[in-house]
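Let's take a walk through this protein together, from its overall layout down to individual side chains. Keep the view open so you can follow along.

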Amino acid sequence: MCGIVGYYGPKNPKEVIMTGLKALEYRGYDSAGVAILDKGVFKRVRAEGKLSNLSEKLTAEDFNGHLGIGHTRWATHGKPSERNAHPHTVGDVSLVHNGIIENYMELREELIKDGAVIESDTDSELVAHLLNRQLKKTPDLLPAVLAILPRLVGAYAIVCVNVKQPETMVAFKNGPPLILGVGSDAMYIASDVQAIVSYTKNVVYLEDGEVVEVKGTGYKVFSAKGKPTDKPVVEINWTADVASKGGFPHFMVKEIFEQPRAVAQAIQPHINLASTTVEMFELGLDQKALSEIERIFIVACGSSYYTGLVGEYMIERLARVPVECDIASEFRYRHPVLPKNSLFISISQSGETADTLAAVRLAKAAGVKVLSICNVRRSSIDREADGHLYMNAGTEVGVASTKAFSATLSLLNLFSIAMAKAKGKLTLAEEQDYVRQIQAAPAQIETVLNLDKWFKEGADQLKNFRGFLYLGRGVHYPIAMEGALKLKELAYMHAEGYAAGEMKHGPLALIDDDMAVVMLAPHDELFEKSISNMEEAKARGGQILSISTGHNKRLEEISNFYLALPEAGWFTMPLLEVVPVQLLAYHVAVSLGHDVDQPRNLAKSVTVE
Ligand code: G6P
């Protein structure tokens, strides 16, 4: 999940590479480095920690060259340290790598036997050794890369340079994303478009197994066997998404507050305002094919997986089609049975998550149509899918997903309506009623955001709990799990999300005065059952924070804290109740002094298994 940049051109490479790395910092932030050709040598500067540490080190440095590479790291092999930071330089070769070389032990042993002195604990340095060794036989970078490619097992996106070829960069990939930017007088290589979009809008998306050789301002793309390949240059109409906090102290809270707009933007293309009905045109299936779907698989990771679980409830309840929702890293290793007439839905904000991408490929290989729900257009998953639903949430910078989560929920709302219609399970009046509910959601989310003040003031008290149990039933259960995940990733506190009815099968034993119980219990058909579960927790000393709707005397008596959400049905309630659990995690983390936008050990886009 590291971010990589390469640059050849007349501008100051330091500026271009650092601009690119800033845009890629979401991919990893435990160390960073650059290597820039300066008077015939690659001058390498690396720093442990965030990119700002590297920036500081670089202020004193001047570079006169026109070629360079840069990297921001999320450690896999070797702890975060300057020694393990990229670029790795061996002899004439310097390179940056995103991914994991799986046969690293075998390569390491072989290289050591061959006399290599290995300086870092990384798998990436071994690739530099292989290339350096190969360059002694084939002194040109491109043939050297082609020669060592069969030796690499695993996932990689690599840019390499050779001190003896001051106008050349070679990049190659298998798994993680890599793009080439074609400027009028410069060439760029990067992990994503945002890294280079302020310099050029002409992009070549590299596919797995491809190798690109940049020579001056020209480039050629080859297959892994060295066969020249024609690749289209795609003109993108993006502008640099100048990440600004817009007056908020953190990106995360800004993105929490952007949720009303994110939901409105996600649903807008799919609602016919005149008839108050759903029209989804890019599903990759016509109405007949949709009506013939007999089984749906939803596969995702992290927070996206929890949206999928909500989707499972919605689709089964409305369309009566069986749905299986799976964690992507498990899905392909459980040898899933994908019957004919199945639809595979992948959910991924980034569209780059390695496990989700691998699951998509497995589904495609089984002949199943893939519908992608993603935020980043033309991301790897988006490009492979048959159908597309876009979150339209705008760039999400905070590592913990918020507005993409809500945007996805609202798309699943609409998809469940579309599916139910295709199956003949909804009358027009019912459809219109559901559409009105989702149309009302942005304004209701705005009301919920008023709870921000309560959580801000309460955080100092909440942070003293030893742990948090989040409980919910039905459609609220995945939101309970999302709440627990948020608290773990931001506040580094122990938290678990449980189906409220499961409490008596174990988790009740955890409850005492130091345990907070966050109960998601809006007034719906499960409300009475939820109250019983709260009584059970209360009787054992649990400190209860209830998130409900309206007023209920008994519930307010049991609860130490009681928060009321606007009235809404089960269909859109997840969109409302996720907001308080986001705010809880955010404010507790802030009051503990944590970096909420870049929590420790995590990264926004996980492009390794
Ligand atoms: C990482 C992020 C999470 C995200 C998950 C899945 O773990 O920190 O916020 O939910 O990846 O990412 P995706 O881009 O596939 O939705």
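**From domains to side chains**

The centres of domain 1 and domain 3, taken over C-alpha atoms, are 46 Å apart. As you look, bear in mind that this is a predicted model. The domain assignment divides the protein chain into domain 1 (3–237), domain 2 (253–444) and domain 3 (448–591).

Let's now turn to one helix, α17, which runs over residues 527–539. At 1.5 Å a residue, its 13 residues should span 18 Å, and the end C-alpha atoms are indeed 18 Å apart, so expectation and model agree. Which residues of α17 are buried? They are Phe527, Ser530, Ile531, Asn533, Met534 and Ala537. These residues cover an arc of only 160° around the axis, which means that they sit on the same side of α17. Their cover includes β25 (515–520), β26 (543–549) and α18 (553–558). On the face turned away from the buried side, you will find the exposed residues Glu528 and Ala539. Just after α17 comes Gly541, with a positive phi of about 95°.

Next, the charged side chains. Side chains of opposite charge can pair when their charged atoms come close. Counting N and O atoms within 4 Å, the model has 36 salt bridges.

One of them joins Glu61 to Lys43, with the closest N and O atoms 3.3 Å apart. This pair links distant parts of the chain: Glu61 is in the loop between α2 (51–59) and β4 (67–73), while Lys43 is in strand β3 (residues 41–48), 18 residues apart. Glu61 is partly exposed, with a relative accessible area of 24%, and Lys43 is partly exposed at 26%.

Another salt bridge connects Arg361 with Asp208, where the closest N and O atoms are 3.2 Å apart. Here 153 residues separate the partners along the chain: Arg361 belongs to helix α11 (residues 354–365), and Asp208 to the loop between β11 (202–205) and β12 (211–215). Arg361 is partly exposed, with a relative accessible area of 32%; Asp208 is partly exposed too, at 27%.

Two strands are joined in a similar way. Arg295 and Glu324 meet through their side chains in a salt bridge of 2.8 Å, N to O. Because Arg295 lies in strand β18 (residues 295–300) and Glu324 in strand β19 (residues 323–327), the pair ties together parts that are 29 residues apart in sequence.

Finally, have a look at Glu106, Glu110, Asp114, Arg133 and Arg151, which are linked in a network of salt bridges.

How values were computed
Residues are numbered from 1 along each chain as its sequence is written. This is a predicted model: local features need pLDDT of at least 70, side-chain atom pairs count only at pLDDT 80 or more; totals for chains, interfaces and linings use all residues. Side-chain values use heavy atoms; hydrogens and water are left out. Helices (H or I, at least four residues) and strands (E, at least two) are DSSP runs, numbered from the N terminus. The expected span of a helix is 1.5 Å times one less than its number of residues. Buried means under 20% relative accessible area, exposed over 50%, partly exposed in between (1.4 Å probe, protein chains only). The arc is that of the directions from the helix axis to the C-beta atoms. Contact means heavy atoms within 4.5 Å. Domain bounds come from an automatic or database domain assignment.
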